[in-house]
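Colleague: I've just opened this one and I'm new to it. Could you walk me through how to read it?

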Amino acid sequence: MPEPEQEQHDTGTETDAQRRRRRAQFLRELNEAKALRDRVQPRRARAARMRQQMRMRTFRW
């Protein structure tokens, strides 16, 4: 599981690399959670895909 990170949020000395690493980890976990939800609720996932496709079809620049 995730290794414990140093808490540097209080001091404000967090570097860009650390912030990007945390963001990448968050996005990985978010995508994993979405994939799990799609597997668990296939009908709802299909409906969401259809709504997204309709949104993209009707989008205007």
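Modeller: Sure, let's start with burial. Of the 61 residues of the protein chain, 2% count as buried. Buried means under 20% relative accessible area, exposed over 50%, and partly exposed in between, using a 1.4 Å probe and protein chains only.

Colleague: Before we go on, what sort of model is this?

Modeller: It's a predicted model, where local features need pLDDT of at least 70 and side-chain atom pairs count only at pLDDT 80 or more, while totals for chains, interfaces and linings use all residues. Residues are numbered from 1 along each chain as its sequence is written, and side-chain values use heavy atoms, with hydrogens and water left out.

Colleague: How many helices and strands does the protein chain have?

Modeller: Helices (H or I, at least four residues) and strands (E, at least two) are DSSP runs, numbered from the N terminus. Here there are two helices and zero strands.

Colleague: And how much area does the protein chain expose?

Modeller: Accessible areas come from the Shrake-Rupley method with a 1.4 Å probe, and for residues only the protein chains shown count as cover. The chain exposes about 6,400 Å², with carbon and sulfur atoms supplying 53% of that.

Colleague: Which side chains meet in a salt bridge?

Modeller: Side chains of opposite charge can pair when their charged atoms come close. The rule asks for a side-chain nitrogen of Lys or Arg within 4 Å of a carboxyl oxygen of Asp or Glu. That gives one salt bridge: R22 with E14, at 2.6 Å from N to O. R22 is partly exposed at 34% relative accessibility, and E14 is partly exposed too, at 28%.

Colleague: What about patches? Which residues form the nonpolar one?

Modeller: Patches take residues with over 30% relative accessible area and no salt bridge, joining like charges within 9 Å and nonpolar side chains (Val, Leu, Ile, Met, Phe, Trp, Tyr) within 5 Å. F26, L27 and L30 make up the nonpolar patch, with about 250 Å² of accessible area together. L27 sits in helix α1, residues 16-40, and is partly exposed at 32%.

Colleague: Which residues form the positive patch?

Modeller: Lys and Arg count as positive and Asp and Glu as negative, leaving out His and the chain ends; a charge is placed at NZ of Lys, CZ of Arg, CG of Asp or CD of Glu. The positive patch is K34, R37, R44, R51 and R55. Helices α1 and α2 (42-57) each give two or more residues to it, and α2 has the largest share, with three. R51, in α2, is partly exposed at 48% relative accessibility.
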